[in-house]
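Visitor: I've got a structure on my screen and I'd like some help reading it. Could you walk me through a few features?

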Amino acid sequence: MKKNVAVLFGSRSVEHDVSIVTGIQLIENIDKEKYDVIPVYIAKDGEWYTGEKLADIAFVREFDKNAKGIKRVCLPPVPGTKGLLTCPESGGLFGRAKQEHIPVDVVIPALHGLHGEDGTVQGLLELADIPYTSCGVVGSAAGMDKYVMKCAFRGAGVPVVDGVVFNRDEWEKDPDAVANRLEAEVGYPMFIKPANLGSSIGISRADNREKLFFAVTVAAAYDRRIIAEQAVVDNIEINCSCVGFGGDVTASVCEQPISWGELLDFSAKYLSGGGKPGTASSGMASLNRLIPAPISEELTKKVQDLSVKIFKALDCKGVVRIDFLYDTKNDQLYANEINTIPGSFAFYLWEPLGIPYSELIDKLIACAELAHREKACSNYAFESDILKKTGLGAKGAKGGKFGKPNG
């Protein structure tokens, strides 16, 4: 019997369009003999829609919520619902239409950035008690905030580039004071980054105070928390993916993305290569890259081992991609960031190992179901006599905790 798999893409995020490519790309590659796919498009205003036409990127590009076959849906955070509910529209002779239930066995969030990759949708799916393929709430949230991520990496014994975090209101109140601090604690050159964002959006390099002011202005437009990070001048980027759950984690081959500037920016990541939108040749797969990365076996193993270590430390699930910076001058490897829902699901790092995209999707779904079964083994009920012992009356009580009210 086929499983109903809902694929979420879009959302209220600056990475909305990238998410569409990732989502539809997955829909094109999932094994239709095993799964019935339910495309779920989250519009920029946050409304959820489903319908067969949403599997066509040409339709999504010119999305019409009033098109025939398109239904607005919601996901109730109620265990037992096991799926989506249509949102009945008012009007007509007999008022609201009957609400329809769309059963869902597994959800694949193909979401990038805030309101999807950051733990918010994962929390909703936990409440709804539906298996899902991405990292859990904690791993997703930690992986989205670059400063929290850096602290988690450092706490797990993983080397990171030093950096300083500050808030937008601090900058607005006294930019010179913040600039003085950054120059003293970080120094030029430095990278300025929004803390909660991906796809290299809002990231700039600053080599002097004038560029620093510009870089912070750009980053502050995207987030209230901003990171200043030392620039590793002589570096190459090395990426590695992991797939699994719990103690069963496998690392992929390594890749070396190629850029022609100081920063692998949004255009280099997603608009290069000339791939046809919505196909397996587009998205992150279109990036110019060397696979496997032309690095030593020793460095390759170090990257893979650290990737698995990070995966386990953040209690990840499904497939992730960890990006590293290798300081060629000082022979130092740094973990740069984790992508808990990587663009194109990093399928291009698994194909060299003989794992086609459709099989990788099978693995994601299997991990989601295993994690769901593991969750069901935990006890979520505890009988206590707290309520019987409380001294609360009909009008409440003042002062005391679980006892008689204080005088």
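**Reading the model, feature by feature**

Guide: Let's start with helix α1, which is mostly covered: eleven of its 14 residues are buried. Buried means under 20% relative accessible area, exposed means over 50%, and partly exposed is in between (1.4 Å probe, protein chains only). This is a predicted model, where local features need pLDDT of at least 70, side-chain atom pairs count only at pLDDT 80 or more, and totals for chains, interfaces and linings use all residues. Residues are numbered from 1 along each chain as its sequence is written, and side-chain values use heavy atoms, with hydrogens and water left out.

Visitor: Which residues of α1 are buried?

Guide: Among them are His-16, Val-18, Ser-19, Gln-25 and Ile-27. Helices (H or I, at least four residues) and strands (E, at least two) are DSSP runs, numbered from the N terminus.

Visitor: How far does α1 reach from its first C-alpha to its last?

Guide: The expected span of a helix is 1.5 Å times one less than its number of residues. Helix α1 covers residues 16-29 and reaches 20 Å, close to the 20 Å expected.

Visitor: Now sheets. In what order do the four strands of the open sheet run?

Guide: Strands of a sheet pair through backbone hydrogen bonds, either parallel or antiparallel. Here two strands pair if DSSP finds at least two bridges between them. The order is β8-β11-β9-β10, with antiparallel pairing. At the edges sit β8 (163-167) and β10 (204-206), each pairing on one side only. On average, neighbouring strands of this sheet are turned by 25° against each other, direction ignored.

Visitor: How many bridges join β9 and β10?

Guide: Three bridges, in the antiparallel sense, with β9 made of residues 190-194. To find one, look at Met-190, whose bridge partner in β10 is Ala-206.

Visitor: Which strands does helix α7 lie across?

Guide: Axes are lines fitted to C-alpha atoms, for helices over the stretch in contact (heavy atoms within 4.5 Å). Angles run from 0 to 180 degrees between N-to-C directions. Helix α7 (175-185) lies across β8, β9 and β11 (225-230), at about 170° to β8. Helix α8 (209-220) lies across β8, β9, β10 and β11, running at about 20° to β9.

Visitor: What about odd backbone geometry?

Guide: Most residues other than glycine have a negative phi, and most peptide bonds are trans. In this model the bond from Tyr-188 to Pro-189 is cis, with omega near -5°, and Pro-189 is in the loop between α7 and β9. The bond from Ile-291 to Pro-292 is cis too, with omega near -5°.

Visitor: And is Ser-11, with its positive phi, buried or exposed?

Guide: Ser-11 has a phi of about 85° although it is not a glycine, and it is buried, with a relative accessible area of 3%. Look for Ser-11 in the loop between β1 (3-10) and α1. Asp-129 has a positive phi of about 60°, but at 23% relative accessibility Asp-129 counts as partly exposed.

Visitor: Last one: which element gives the most to the largest nonpolar core?

Guide: A nonpolar core is a set of buried Ala, Val, Leu, Ile, Met, Phe, Trp, Tyr and Cys residues joined through side-chain atoms within 4.5 Å. The largest one has 39 residues, and Val-7, Phe-9, Leu-54, Ile-108, Phe-345 and Ile-365 touch the most other members. Helix α11 gives the most, with six residues. Apart from this core lies another, of 29 residues, including Ala-142 and Cys-254.
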